[in-house]
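Biologist: Could you take me through the sheet in this one, strand by strand, and then tell me what sits elsewhere in the chain? I'd like a close look and not just a list.

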Amino acid sequence: MQVEIKGAIQNPGVYTLKRNSSISRLIKMSGPLLENADTSSISFTHILQDKDVVVIPEIKEIKLISLNSATSEELQTLPGIGPSIAQRIIDYRQGNTFQTLEQIKDVKGIGEALFNKIKDKICL
């Protein structure tokens, strides 16, 4: 039987396997997983069928937005941050360097709820 594998794998492509082969066997044939492979949803013991396609997803890195250096446009990529709040953040940091993430709540318009939405997407 033939099975295709692609995604975060060293040698993606179509491989010929014996009947009742598992995803684990396919991965062994196609080279090691890449460092950024996300195997949390992969069942390595799953038995493959002819013409199956296996996609090894990649872990997506989240680019953090720096409170101390981000442009207005970068700040506006954060949920709930529009042009006016982005400008308030920029104005605030001209007189103060952010020392903690929580300090962003000192900016008018950013309360606990908005902070909770963005806290995992920001850095100093």
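Modeller: Here is the sheet, followed by the cores and a few side chains. Bear in mind that this is a predicted model.

The sheet has three strands, is open, and runs in the order β2-β1-β3 with mixed pairing. The edges belong to β2 (13–16) and β3 (53–56); each has a single partner strand, so one side of each has no neighbour in the sheet. On average, neighbouring strands are turned by 25 degrees against each other, if you ignore direction.

Now for the two pairings. As a reminder, strands in a sheet pair through backbone hydrogen bonds, and they can do so parallel or antiparallel. Both kinds turn up here, given that the pairing is mixed. On one side, β1 and β2 run antiparallel and are joined by four bridges. These two strands make a hairpin, with five residues between them. If you want a spot to look at, take glutamine 2: its bridge partner is threonine 16 in β2. On the other side, β1 (residues 2–7) pairs with β3 in the parallel sense, again over four bridges. There you'll find glycine 7 opposite isoleucine 56 of β3, and lysine 6 opposite valine 55 of that strand.

Lysine 6 is worth a pause. This residue belongs to strand β1, and its relative accessibility of 36% is why it counts as partly exposed. Leaving out residues up to four places away in sequence, lysine 6 touches Pro12, along with Val53, Val54, Val55 and Ile56. For a sense of distance, pick leucine 67: it is 61 residues from lysine 6 along the chain, and their C-alpha atoms are separated by 37 Å.

Next, the loop that links β2 to α1 (23–29), where serine 22 is found. Serine 22 has a relative accessible area of 17%, so it is buried. Its contacts, setting aside neighbours within four places in sequence, are Phe44, Thr45, His46, Ile47 and Leu48.

On to the nonpolar cores. The largest has 19 residues, and Leu75, Ile81, Ile89, Ile104 and Ile110 are the ones with the most contacts inside it. Two elements give two or more residues to this core, namely α3 (83–95) and α4 (112–118). The top contributor is α3, with five residues. Apart from this core lies another one, made of 14 residues, including Ala8, Ile23, Ile42 and Val54. Val54, you may recall, is also one of the residues that lysine 6 touches.

Back in the largest core, isoleucine 110 shows some of the packing. Not counting neighbours within four places in sequence, isoleucine 110 is in contact with Ile81, Ile85, Ile89 and Ile104, and also with Lys105 and Phe115. Those last two have an arrangement of their own: the charged end of lysine 105 sits over the phenylalanine 115 ring, 4.9 Å from the ring's centre.

Finally, the aromatics. The structure holds one aromatic pair. It is formed by tyrosine 92 and phenylalanine 98, with 5.1 Å from centre to centre and 35 degrees between the planes, a tilted arrangement. Both tyrosine 92 and phenylalanine 98 are buried.

Key: Residues are numbered from 1 along each chain as its sequence is written. This is a predicted model: local features need pLDDT of at least 70, side-chain atom pairs count only at pLDDT 80 or more; totals for chains, interfaces and linings use all residues. Side-chain values use heavy atoms; hydrogens and water are left out. Two strands pair if DSSP finds at least two bridges between them. Axes are lines fitted to C-alpha atoms, for helices over the stretch in contact, and angles run from 0 to 180 degrees between N-to-C directions. Buried means under 20% relative accessible area, exposed over 50%, partly exposed in between (1.4 Å probe, protein chains only). Contact means heavy atoms within 4.5 Å. A nonpolar core is a set of buried Ala, Val, Leu, Ile, Met, Phe, Trp, Tyr and Cys residues joined through side-chain atoms within 4.5 Å. Rings of Phe, Tyr and Trp (its six-membered ring) pair if their centres lie within 6.5 Å; planes under 30 degrees apart count as stacked, over 60 as edge-to-face and the rest as tilted. A charge sits over a ring if NZ of Lys or CZ of Arg is within 6 Å of the ring centre and within 35 degrees of the ring normal.
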